[in-house]
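Work through the exercises below with the structure open beside you, and try each task before you read its solution.

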Amino acid sequence: MKKEIILTAAAFVSVAAVSEPSGMRPDANHAWAVHDVNRPDPVKVDVRPGKPPSDAIVLFDGTPGSVTNNWSAGGGKPTKWTVKDGEFICTPGSGSVRTKEEFGDCQLHIEWKTPVDDLYGWGNSGVILMGKYEIQILDSSAVKPSRSPWKPANYADGQAGAVYGENPPLVQPCRKPGEWQSYDIVFHPPIWDGRRLVDPGSVTVFFNGVVVQDDFPLQGHTGWCRRYPHPKESKGPLILQDHGHPVPFRNIWIRRIPSRYADTVNGGLGLKRGDVAALRHRLAGESLAFANEAKEPAERFIRLWESYCYEPDDKVMERIVKCEAECVEALRANKADFAVREKLNAFRRFVNMLVTDGWIAKDAPIKKAIDGQKAPPKPKAPNLRDL
Ligand code: MG
């Protein structure tokens, strides 16, 4: 009895490897079908509460070593900012700090607080992406609307969460001085094609978990009282601003992310039909290689169709027609893959998808044959007392 159960389990394992049919087919703008089982899986990232993601570059972890490794003052000199109690603190007048590495498209997490002591004013600092685009840091916890001409600072486009001088935050979730705050930022630099600006770049900012910049198209590099053009660079150092206030930082990490224009095959901004066609050609070839190795007509039929859908080819269609006849015969004889319940059902879904997508007619021989085929009964569940 034990032996029988083990064999049944092994059968399930092999069935799990059968590919499922996918949805709407590739086309000129899409290399992949919807739910395409051949599409590569995303890279795994390990994420633990309170920890940087496993693929993040940790720029400050509370230790002086992480400052030495990642940060410098202007000209590459060591910074005079200090590390105390796990905080990286601006030394007013010593100059801004910058990362030794340069970043373009990125996701940044950073925590900061403004000083409690009024002596230091509003705790001005800033996160300057690529060294050009400042997301303002300031105590904006007690901002009141005012039309007073004597209110020289804390203007809307200079508050915490603002793209400095360009766009105020959508709302103002700033906490009081002395309380930790967080920015989670997604940044894309401008894209140039020679002298033509293809895309101005954008920034999304979550401020204490609340979205305050929603994919904001950048207007140019930021600055005081002026509008500036975009830089031509596509990357630069991350700068933390010294604006004369001892603002502390902690938990700083950054992840490089792909440019939205680097993806030329997934229907995004950088879509190139030539790249889509090239990938479809490669995938068609791979599916054909699987078809050539397939021993069972059912798998061969699926692989040939897969190849044809990636890239229609008359010779492949000739093989599909022949293979269809083999499948009809095997179905009628209840042979091979068609004797396995899960495989039969997967094949049924695949054929139905071909009909739904208009690749074959409702009265095609394979459709009639599969409709006339009952699935074998489910195997009995093992009796635990026998294990
Ligand atoms: Mg500032």
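**Exercise 1.** In this predicted model, decide whether Ser-125 and Glu-134 are buried or exposed, using the cut-off for burial.

*Solution.* Begin with the cut-off, by which a residue is buried if its relative accessible area is under 20%. Ser-125 has a relative accessible area of 0%, and therefore counts as buried. Glu-134 has a value of 6%, so this residue is buried as well. Now turn to the magnesium ion, whose protein donors include Ser-125 through its O atom and Glu-134 through OE. The other donors are Asn-124 (OD1), Gln-136 (OE1) and Gln-241 (OE1), and the donors lie 2.2 to 2.4 Å from the ion.

**Exercise 2.** Find the order of the strands in the open five-stranded sheet, and say which strands are at its edges.

*Solution.* Reading across the sheet, the order is β2-β5-β14-β7-β8, with antiparallel pairing. The edge strands, each of which pairs on one side only, are β2 (71–72) and β8 (133–137). Looking closer at β2, we find that it pairs with β5 (residues 97–103) over two bridges, and that Ser-72 stands opposite Arg-98 in β5.

**Exercise 3.** Describe the geometry of the aromatic pair formed by Trp-81 and Phe-88, and name the cluster to which these residues belong.

*Solution.* The whole structure holds 14 aromatic pairs. In the pair of Trp-81 and Phe-88, the ring centres are 5.4 Å apart and the planes make an angle of 55 degrees, an arrangement that counts as tilted. Both Trp-81 and Phe-88 are buried. Finally, these two residues form one aromatic cluster together with Phe-60, Trp-71 and Phe-249.

Notes:
Residues numbered from 1 in each chain as written. Predicted model: local features only at pLDDT ≥ 70, side-chain atom pairs only at ≥ 80, totals over all residues. Heavy atoms only, no water. Donors = N, O, S within 2.8 Å, 3.2 Å for Na, K, Ca; no water. Buried < 20%, exposed > 50% of the residue type's maximum accessible area, 1.4 Å probe, protein only. Pairing = 2+ DSSP bridges. Helix = DSSP H or I, 4+ residues; strand = E, 2+ residues; numbered from the N terminus. Phe/Tyr/Trp six-rings, centres within 6.5 Å; stacked < 30°, edge-to-face > 60°.
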